[in-house]
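Visitor: I am new to this structure and would like to learn how to read it. Could you walk me through a few features, one at a time?

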Amino acid sequence: MTDRSVASPASRADAERRDAADPLAPYRERFLPAGDVVAYLDGNSLGRPLRAVADRLARFCTEDWAGRLIRGWDEGWIDSPQTYGDRIARAALGAADGQTVVADSTTVLLYKLARAAVDEQLAADPRRREIVIDTDNFPTDRYIVEGIAAERGTTLRWIDADPESGVTPEQVAAVVGPQTALVLLSHVAYRSGFLADAPAITRIAHDAGALVLWDLCHSVGSVPLALDDWGVDLAVGCTYKYLNGGPGAPAFGYLAARHQGRLQQPIRGWFGHRTPFAMGPGYEPAEGIRSLISGTPPVLAMVPLDANLDLLDEAGIGAVRAKSVALTSYALELADELLVPHSVRVASPRDPSRRGGHVTVCAPGFDEVTVRLWKRGVIPDFRAPDGIRIGLAPLSTSFREVLAGVTAIAEELVRPRRP
Ligand SMILES: *Cc1c(COP(=O)(O)O)cnc(C)c1O
């Protein structure tokens, strides 16, 4: 890497100055070393593990699991879906206790909540048979509502989202009406990083009598949320992205208190029963948020969340967002200097208030560039057809890593291809 003038954002001195001025920089040391990785730019897809998590998992095995055995269920495991749900709600969702559980995968919770919402709306008014979703939403979200539409004989109303920006309040206002049952959107678009105006869209949907389900996978732990204040009805998100819960960590689901006891999710299992251990005939849903649970909670898979939620409480979501904006702004400055002259297109919003925690740059051949980057320890991800997604987890990413990453992309772009 050539050292440029101090004025250039692409100088090493500039990146070092940004790291030195970063109040969250010390948190990076709390994570386990990443081996041969030079720049990890995919914390928005799989967060890095904290050192404390390795100890906590080992201790859980020897003390909680081995030592307590089946007694563990009576000593807290039973309540773990709500205990962890409330902790996520307080640290990251802007939601009061009793409205969030940790369970299942995002896909399964999406299905449960979306089905519950559609069933409730159809029962109240059979004309409300449309689900609004956008064409650029995450695949699982699109597939789930296609399945629900087939099951319930409802229709889908597609918003044609610009893949380089996202769904606007005007687009939602243009399609909702007395026929709308549910609006399902991602808060931060997985491709471009576009940050939707959740309070405005929620209001517009409510004015039309629709319910709103927000997919928070790319916002939780990165963008401050205020689900209660925004009047959100339902939400889901994963815990293995910015919450660093580990591969396959369970999801969380939010069901606003005013809907509990009315909306009924379709997977009626014994753990969502009012009295699971009565083992009685017939399903009776538990009161409150527990009715969202179906089977045995993934207790072991929730263990890493403890240390991560402690970390988020300590750093504060406001400071995390401030660093996130600084990181993505820096990545865009670097992209403008090092990539755009080589015909790379920036496919993320320039306005930081409309941008989540990652930025995407596009050019033909980026699939091969990504393969070469991984070989040299620079780890972004590739999203078809031609996007490299630079994910910048604020608590584990340094400005120097951003510089190393974008510089490597520039070098691989101009490197002659072997035949
Ligand atoms: C990552 C992600 C998911 C993942 O769903 P899983 O069931 O955990 O595989 C869903 N929606 C969005 C928007 C995502 O980014």
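Guide: Gladly! Keep in mind that this is a predicted model. Let us begin with one residue: R157 is partly exposed, with a relative accessible area of 31%.

Visitor: Which residue does the side chain of R157 meet in a salt bridge?

Guide: To read a salt bridge, look for a side-chain nitrogen of Lys or Arg within 4 Å of a carboxyl oxygen of Asp or Glu. Here the partner of R157 is E130, with 3.7 Å from N to O. E130 belongs to strand 3 (residues 130-134) and R157 to strand 4 (residues 155-159), so their pairing ties together parts that are 27 residues apart in sequence.

Visitor: Is E130 buried or exposed?

Guide: Buried is the word for residues under 20% relative accessible area. E130 has 14% relative accessibility, so it counts as buried.

Visitor: How many salt bridges are there by this rule?

Guide: The count comes to 32. Another of them joins E284 and R274, whose closest N and O atoms are 2.9 Å apart. Both residues lie in the loop between strand 8 (251-255) and helix 9 (299-315), so this pair ties together parts that are ten residues apart in sequence. E284 is partly exposed at 37% relative accessible area, and R274 is partly exposed too, at 47%.

Visitor: Which residues are joined into one network by salt bridges that share partners?

Guide: That network consists of R56, R87, D306, D310 and D313. For a separate pair, look at D381 and R389: their closest N and O atoms are 2.7 Å apart in a salt bridge, and both residues are buried.

Visitor: R56 has come up now. Which residue has its C-alpha atom 7.2 Å from that of R56?

Guide: A handy way to read a fold is to compare separation along the chain with separation in space. V303 is the residue you want: V303 and R56 are 247 residues apart along the chain, while their C-alpha atoms are separated by 7.2 Å. V303 sits in helix 9 and, with 2% relative accessibility, counts as buried.

Visitor: Let us turn to the surface. Which residues form a nonpolar patch there?

Guide: The patch is made of L57, W65, L69, I70 and L300, which together have about 500 Å² of accessible area. Take W65 as your landmark: find it in helix 2 (residues 51-68). W65 is partly exposed, at 45% relative accessible area.

Visitor: And the ligand? How many residues surround the ligand, and which are the closest?

Guide: When reading a binding site, start with the shell of residues and then go to single contacts. The ligand has 13 residues around it, and the closest are T107, D215, H218, Y240 and K241. By kind, the shell divides into four nonpolar, six polar and three charged residues.

Visitor: What distances should I look for between the ligand and the side chains of D141, D215 and Y240?

Guide: An N or O atom in the side chain of D141 is 3.4 Å from a nitrogen atom of the ligand. For D215, a polar side-chain atom lies 2.8 Å from a ligand nitrogen. With Y240, the ligand uses an oxygen atom, 2.7 Å from an N or O atom of the side chain.

Visitor: How much of the ligand's accessible area does the protein cover?

Guide: On its own the ligand has 390 Å² of accessible area, and the protein covers 86% of that. Helix 4 (106-124) and helix 5 (139-152) are the elements that give two or more residues to the shell.

Technical notes. Residues are numbered from 1 along each chain as its sequence is written. This is a predicted model: local features need pLDDT of at least 70, side-chain atom pairs count only at pLDDT 80 or more; totals for chains, interfaces and linings use all residues. Side-chain values use heavy atoms; hydrogens and water are left out. Patches are made of residues with over 30% relative accessible area and no salt bridge: like charges are joined within 9 Å, nonpolar side chains (Val, Leu, Ile, Met, Phe, Trp, Tyr) within 5 Å. Accessible areas come from the Shrake-Rupley method with a 1.4 Å probe; for residues, only the protein chains shown count as cover. Helices (H or I, at least four residues) and strands (E, at least two) are DSSP runs, numbered from the N terminus. Buried means under 20% relative accessible area, exposed over 50%, partly exposed in between (1.4 Å probe, protein chains only). A residue is near a molecule or strand if one of its heavy atoms lies within 4 Å of it. A polar contact is a pair of N or O atoms within 3.5 Å; within protein, one must be able to donate a hydrogen and the other to accept it, and residues adjacent in sequence count only if both atoms are side-chain atoms. Ala, Val, Leu, Ile, Met, Phe, Trp, Tyr, Cys and Pro count as nonpolar, Asp, Glu, Lys and Arg as charged, and the others, Gly among them, as polar.
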